[in-house]
Amino acid sequence: MIATSRSPLIIVVHLSVLLLVALWTLPTAGLLISSLRDKDQLAVSGWWTALSTSSQNLTGRAASPDAQVEKDGKFVIAGNLIEGGTSKVSAFGVRPMQPTAFEVGTAADIGDGRTLTVNEDGSYEIVSPTRMEGTRGQRIFYTASVPPRFTLDNYREVLNAEGIGASFINSLTVAIPATIIPILVAAFCAYALAWMPFPGRAILIAVIVGLLVVPLQMSLIPLLKLYNGVGAFFGVPAKTYVGIWLAHMGFGLPLAVYLLRNYMAGLPREIMESARVDGASDFDIFVKIILPLSFPALASFAIFQFLWTWNDLLVAMVFLGTGNNELVLTGRLVNLLGSRGGNWEILTASAFITIIVPLIVFFSLQRYLVRGLLAGSVKGG
């Protein structure tokens, strides 16, 4: 009876989960397909049309007058606009605003008694009653049906860009310590807040929870001024890796302490009491018992912190700088796009290059993610 009444609810839950998965997966799939498409096709059609033929307005140039030959008393320039012969021309013109002025196979008058004929396969012929002069060929505007084309050119353009390798190393140099350092500091703090009673502990926990909602933009400049003041006092340069590690540690500690404290507070008290009876100190309990048992929570925070530091651009630009030797991967890719986004077609390839390392980290630790996040939310009686 209970199973029958709950079965519709289970179906709704399963459908909701499938819908959420689809909503998250479709954009990623579209991004991947777009990154593999030809940039000309990407500019005129969406990723969902990747397997269908697209119609494009293209521009070609006929051979120069040096290639003309005399035939039946007339001078002829012949050639083909399409490389490989996979596209089909549907119309052509001699003006940029009229690429469909003439049908294929039609002899179009282009002035001075000359005619231009373009065929469906892209072959063209310019016929003139007199010898043609000049050094450049006639421009031809045409509309062609282009079959789907997939290529790795977008990835090659990004990977071959100057400084990509150095920026990749810079991102690793920032992200790895900026993930490990907050975990080490937060683990000690979380243990103290969970198992070591001292005056003001509840107030300190409330302050940490309040820090979770402090916007990054509001604290960025005060933190930078504080760091510059301390650095000037000790003679430390303003923009160093130490500075960005400390900044990421400051921004990541509230979540780390909150997450780890909830997990450690849910561990069985009997284990700690038995260890103390055997003469173990708080440090021994923390290192030999708490840390191994808290690995799911540590892995959960490591995923969030690594994703944040790897994808960060604002903090990296403020605390590390924008020079060629200091620029992180996200900053380098922004520069590749240009100040006006002129190379936006490489954005899709850049996105997948940047998520390779986070995906490795996520799938390596994802089995601990849910366990760590839900730790401490439910306790037995």
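This is a short guided tour of the structure, one selection at a time. Keep in mind as you go that the model is predicted.

**Stop 1: the open sheet**

Start by selecting strands β1, β9, β4 and β5, which form an open sheet in exactly that order, with antiparallel pairing. Which strands sit at its edges? They are β1 (54–61) and β5 (102–103), each of which has a pairing partner on one side only.

Now walk across the sheet from the β1 side. Eight bridges hold β1 and β9 together in the antiparallel sense. To find one place where the two strands meet, select S54: its bridge partner in β9 is V146. While you are here, colour β9 (residues 139–146) by accessibility; this strand is mostly covered, with six of its eight residues buried.

Move on to the next pair, β4 and β9, which run antiparallel and share five bridges. Select F92 and look across to β9, where Y142 stands opposite. Then finish the walk at β5: strand β4 (residues 88–93) pairs with β5 over two bridges, again in the antiparallel sense. Here, select A91 and you will find its bridge partner E103 in β5.

If you turn on side chains, one general point helps: in a regular strand they alternate between the two faces of the sheet.

**Stop 2: a pair of rings**

Stay with F92 and add F102 to your selection. The structure holds eight aromatic pairs. In the F92 and F102 pair, the ring centres are 5.5 Å apart and the planes meet at 35°, so this pair is tilted. F92 belongs to strand β4 and F102 to strand β5, so the pair ties together parts that are 10 residues apart in sequence.

Are these two residues buried or exposed? F92 is buried, with a relative accessible area of 0%. F102, at 25%, counts as partly exposed.

For another group of rings, select F168, F306 and W310: ring pairs link these three into a cluster.

**Stop 3: I77 and its surroundings**

Next, select I77, which lies in strand β3 (residues 74–80). I77 is buried, at 3% relative accessible area. What surrounds I77, once neighbours within four places in sequence are left aside? Its contacts are A63, S64, P65, Q68, Y124, E125, I126 and M132. Try showing those residues as sticks around I77.

Then zoom out and add Y263. I77 and Y263 are 186 residues apart in sequence, and their C-alpha atoms are 79 Å apart in space.

**Stop 4: two loops with an unusual residue**

Select D72, in the loop between β2 (69–71) and β3. D72 is not a glycine, yet it has a positive phi of about 50°. With a relative accessibility of 78%, D72 counts as exposed.

Now jump to D112, in the loop between β6 (107–111) and β7 (114–118). Here too is a residue that is not a glycine but has a positive phi, of about 60°. D112 is exposed, at 67% relative accessible area.

**Stop 5: a buried aspartate**

For another loop, go to D38, between α1 (2–35) and α2 (39–44). Buried or exposed this time? D38 counts as buried, at 13% relative accessibility. Select R149 as well, and you will see a polar contact of 2.5 Å between the side chains of D38 and R149. Beyond neighbours within four places in sequence, D38 is in contact with R149 and T151.

**Stop 6: two helices**

Select helix α7 (residues 241–265). At 1.5 Å a residue, its 25 residues should span 36 Å, and the end C-alpha atoms are 34 Å apart, which agrees. Look along the helix for a change of direction: α7 bends by about 45° at G252, and the proline P254 follows within four residues.

Finish with helix α13 (residues 347–354), which is mostly covered, with six of its eight residues buried. Which residues are they? Select T348, A349, S350, F352, I353 and T354 to see the buried residues of α13. As you turn the helix, remember that an α-helix has 3.6 residues a turn, so residues three or four places apart point the same way.

Key: Residues are numbered from 1 along each chain as its sequence is written. This is a predicted model: local features need pLDDT of at least 70, side-chain atom pairs count only at pLDDT 80 or more; totals for chains, interfaces and linings use all residues. Side-chain values use heavy atoms; hydrogens and water are left out. Two strands pair if DSSP finds at least two bridges between them. Buried means under 20% relative accessible area, exposed over 50%, partly exposed in between (1.4 Å probe, protein chains only). A polar contact is a pair of N or O atoms within 3.5 Å; within protein, one must be able to donate a hydrogen and the other to accept it, and residues adjacent in sequence count only if both atoms are side-chain atoms. Contact means heavy atoms within 4.5 Å. The expected span of a helix is 1.5 Å times one less than its number of residues. The bend at a residue is the angle between axes fitted to the seven residues ending there and the seven starting there. Rings of Phe, Tyr and Trp (its six-membered ring) pair if their centres lie within 6.5 Å; planes under 30 degrees apart count as stacked, over 60 as edge-to-face and the rest as tilted.
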